[in-house]
Structures are given as C-alpha cells and as structure tokens.
Amino acid sequence: MIDLKEKLIKYLETNNLKYRDSGQKIQHCCLNPNHNEENPSAFTSFKEDNSYFTHCSSCGYHLSHEALIKF
C-alpha cells in the first residue's frame with residue numbers, strides 16, 4: 001500500500017496536480033486526461049485490505065485496484 005501511495009503522490013507532484021493526504025484517502029485533481037480542473041474532485045482510497053480504487057465525483061472517472069496499479 002505505501003509503495004503505491006508514494007508513487008501516486010510523486011505522480012501528482014510531478015504533474016502539478018493539487019492533493020491532500022488524509023491517511024487512508026488522498027483527495028486530488030482528477031487523473032482523467034480529458035478532465036481539466038483546478039480543485040480536487042477525485043480521491044484514491046487506500047484501505048487496509050488492499051482494496052484500492054480511484055474515483056472522480058465530478059466526471060465519474062474510476063480506476064479499479066488493478067487499473068490503478070497499471071496506471
């Protein structure tokens with residue numbers, strides 16, 4: 001979990017995407033390349049049972065655990 005979380009944070013920082021880390025959840029700007037936004041409307045959930053996923057509340061973009069790892 002920590003490795004994937006660290007990689008996501010590095011990706012967000014490298015791409016100048018705003019984010020806020022609140023432990024088991026990172027709120028961030030959407031990862032969908034077709035959704036440009038300035039305020040975070042997406043989140044990635046890091047649960048202890050390794051059921052990670054990303055979801056954007058604005059555009060509906062969703063990455064499952066497997067898709068997030070490939071991303």
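Leaving aside neighbours within four places in sequence, which residues is Ser-45 in contact with? The views below take that up first and then move outwards; keep in mind that this is a predicted model.

**View 1. Ser-45 and its contacts.** Here we're looking at Ser-45, which sits in strand β3, the run covering residues 42-45. Skip the neighbours within four places in sequence, and the contacts of Ser-45 are Gln-24, Lys-25, Ser-51, Tyr-52 and Phe-53. As for exposure, Ser-45 has a relative accessible area of 7%, so it falls under the 20% cut-off and counts as buried.

**View 2. Lys-47 in its loop.** Now for Lys-47, found in the loop that runs between β3 and β4, the latter being residues 53-56. Is Lys-47 buried, exposed or partly exposed? With a relative accessibility of 39%, Lys-47 lands in the partly exposed class, because that class takes in whatever lies between the 20% and 50% cut-offs. If you pick the C-alpha atoms of Lys-47 and Phe-71, you'll get a separation of 18 Å, for two residues 24 apart along the chain.

**View 3. The largest nonpolar core.** This one shows ten residues: Leu-4, Leu-8, Ile-9, Leu-12, Ile-26, Leu-31, Phe-46, Tyr-52, Leu-63 and Leu-68. Which helix gives the largest share of this core? That's helix α1, spanning residues 2-14, with four of the core residues. Tyr-52 ties this picture to View 1, being a core member as well as a contact of Ser-45.

**View 4. Ile-9 up close.** Zoom in on Ile-9, one of the core residues. Not counting anything up to four places away in sequence, Ile-9 touches Tyr-19, Asp-21 and Ile-26. Of these contacts, Ile-26 also appears in the list of core residues.

**View 5. Stepping back to the protein.** Zoomed out, there are two helices and five strands, and from the N terminus on they go α-β-β-β-β-β-α. The radius of gyration is 11 Å, close to the 11 Å that the globule rule gives for 71 residues, so the protein is as compact as a globular protein of that length. Its C-alpha trace spans about 30 × 20 × 20 Å along the principal axes. Buried residues make up 32% of the 71. Take the contacts between residues at least 6 apart in sequence, and 21% of them join residues at least 24 apart.

**View 6. Surface and charges.** The accessible surface adds up to about 4,700 Å², with 47% belonging to carbon and sulfur atoms. On the charge side, there are 8 positive and 9 negative charges, and their mean positions are 2 Å apart.

Methods:
Residues numbered from 1 in each chain as written. Predicted model: local features only at pLDDT ≥ 70, side-chain atom pairs only at ≥ 80, totals over all residues. Heavy atoms only, no water. Core = buried A, V, L, I, M, F, W, Y, C linked by side-chain atoms within 4.5 Å. Buried < 20%, exposed > 50% of the residue type's maximum accessible area, 1.4 Å probe, protein only. Contact = heavy atoms within 4.5 Å. Rg over C-alpha atoms; globule rule 2.2 N^0.38 Å. Areas by Shrake-Rupley, 256 points an atom, 1.4 Å probe, with all protein chains shown as cover. Lys, Arg positive; Asp, Glu negative; His and termini not counted. Charge placed at Lys NZ, Arg CZ, Asp CG, Glu CD.
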